[in-house]
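Student: I would like to take a close look at a single part of this structure and follow what surrounds it. Could you lead me through one helix with care?

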Amino acid sequence: MTGGFPQHAAGHVPVLRLGDVLLVTLQGDLHDSAAEQLQQDIGEAIAAHRSRGVVIDVSGVEIVDSFLGRVLAEIAAKAELLAAQTVVAGMRPAVAITMVELGLTLPGLRTALTAEEAVRGFGGTDPVLRTARTRLGSP
Amino acid sequence: MPEQEAAEQHGVPEREIGDFLHRRREQIAQRWADETFFRSVFTVSREEAVDAGRALVDALAQVAASGRVTDPEAAGFSQVREQLARMCAARSRAGLTPSEVSRDVAALRPPVVDLLVAELRDAPEQRLRERSNLLTVLMGTLRVIVMEAALSENQALIDRQRMQLMEMATPVIKLWDGIVAVPLIGTLDSARSQVVMETLLESVVEQQAHFAILDITGVPTVDSLVAQHLMKTVAAARLMGAECVVSGIRPAIAQTIVHLGLDLGSVVTRASLADALAYALRKLGADIVPPSSHGAGER
């Protein structure tokens with residue numbers, strides 16, 4: 001399920017492959033070198049596996065700065081060029097408020113409540129529509 | 001030599017006042033119990049008033065003995081601070097202003113000074129004046145403490161009420177599976193907007209809501225600050241993966257927003273809470289049918 005990746009320094013963020021979607025889970029601090037490496041890894045993984053989407057799970061991120069906001073935007077732009085959609089999933093309220101206060105509203109970036117929902121979204125047309133249908137349909 | 005003697009004598013007048021208060025404790029407490037400050041608080045039993053008076057005299061005696069008559073932070077006062085706060089609270093509940101309370105406290109001084117004068121009748125005038133000045137200073141410090149207590153009591157009341165207002169002001173309602181709403185009522189300031197934003201976003205996570213409706217039907221005016229907060233809330237909800245709908249913008253407010261030149265273009269708006277709910281349900285894939293054909297719908 002995971003693409004084999006070479007040895008990396010501490011703080012390295014793995015890129016997991018789930019079908020034709022890539023899953024990246026950010027935890028805690030993201031250092032400059034790790035962010036650089038992550039952007040490169042994602043680009044290579046999309047090209048290698050012809051992935052349709054990238055899900056970035058930020059539910060483990062508690063503190064955010066402008067750097068992380070820029071990294072997210074850059075990953076999205078890069079993925080877009082490689083014809084893959086980027087979805088940011090599970091952002092905490094405090095992080096969302098800080099991002100907005102910093103003026104990083106990430107326009108054009110897709111978002112989802114949870115990573116599960118984001119991944120499921122790539123199976124159909126619209127993540128919200130799909131999950132809601134199944135929920136409303138069940139008694 | 002006289003200077004050295006004076007230095008040795010330093011603190012003695014204070015100690016003498018302390019002794020005096022200690023000795024006359026019972027008499028002072030009895031007299032104070034008849035003063036307004038005590039009488040109006042301890043209406044049920046006089047014994048209680050005398051007890052409170054005794055505690056206060058003890059505290060004053062201790063402060064005098066420690067020689068810190070001008071220091072409101074003196075150790076002796078800490079024991080009576082709470083009791084004074086309680087008495088002040090009772091007085092302000094009765095509708096008294098701080099200055100009236102202050103006058104009541106000032107009335108506690110004459111009985112004590114009278115006792116001191118009576119005791120030092122035969123002493124040299126210089127000594128009497130010195131002692132009575134000291135006692136007056138001590139009573140002045142007591143007054144400062146009472147004022148402090150009265151003000152902090154009022155502040156605590158305001159804080160408590162503000163908290164209650166905050167709690168009442170921001171209920172998050174779950175309208176449907178995946179739809180939450182906040183009906184905002186009353187004027188929004190930035191502190192309240194912040195609370196609204198936080199509670200709404202928290203409930204988005206809690207309820208796993210895809211839609212959050214901000215209903216501003218009950219908001220009388222919208223200024224640029226409030227509008228900015230609304231935009232921030234909408235943007236933050238979007239970052240979390242939920243969609244925010246603003247409903248209940250009244251014509252006057254719509255006009256204000258246009259006059260202010262604010263661009264709410266990126267925000268989904270609906271005329272009423274009902275419209276917003278219908279929009280959200282439709283987006284969730286539910287069918288809304290008119291009542292004439294009821295029963296045919298999904299719910």
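**A close look at one helix**

Tutor: In this predicted model, let us begin at the end of the helix, where B:Gly241, just after H11(B), takes a positive phi of about 100°. The helix itself, H11 of chain B, runs over residues 224-239 and so counts 16 residues, and the distance from its first C-alpha to its last is 22 Å, close to the 22 Å expected at 1.5 Å a residue. Among the buried residues of H11(B) are B:Val226, B:Ala227, B:Leu230, B:Val234 and B:Leu239, and the list also includes B:His229, B:Thr233 and B:Arg238. What covers these buried residues comes from both chains: it includes helix H3 (93-101) and strand E5 (110-112) of chain A, along with helices H10 (190-207) and H12 (251-259) and strands E3 (211-218) and E4 (243-247) of chain B.

The wider setting is a nonpolar core of 83 residues, the largest one, in which B:Ala212 and B:Ile213 have the most contacts. H11(B) gives this core its largest share, 8 residues. In soluble globular proteins, nonpolar side chains tend to be buried together. Leaving aside residues up to four places away in sequence, B:Ile213 touches B:Val245, B:Ser247 and B:Leu273, among others.

Turning to the contact between the chains, 18 residues of chain A and 22 residues of chain B take part. On the side of chain A that touches chain B, H3, E5 and helix H5 (127-137) of chain A each give two or more residues, and the largest share, 6 residues, comes from H5(A). The residues of that side divide into 14 nonpolar, 2 polar and 2 charged.

Terms used: Residues are numbered from 1 along each chain as its sequence is written. Chains are lettered from A and ligands numbered from 1 in the order in which they are written. This is a predicted model: local features need pLDDT of at least 70, side-chain atom pairs count only at pLDDT 80 or more; totals for chains, interfaces and linings use all residues. Helices (H or I, at least four residues) and strands (E, at least two) are DSSP runs, numbered from the N terminus. The expected span of a helix is 1.5 Å times one less than its number of residues. A residue is buried if 20 or more other C-beta atoms lie within 10 Å of its own, exposed if 12 or fewer, and partly exposed in between; C-beta atoms are placed from the backbone. Two residues are in contact if their C-beta atoms, placed from the backbone, lie within 7 Å. A nonpolar core is a set of buried Ala, Val, Leu, Ile, Met, Phe, Trp, Tyr and Cys residues joined through C-beta atoms within 7 Å. Ala, Val, Leu, Ile, Met, Phe, Trp, Tyr, Cys and Pro count as nonpolar, Asp, Glu, Lys and Arg as charged, and the others, Gly among them, as polar.
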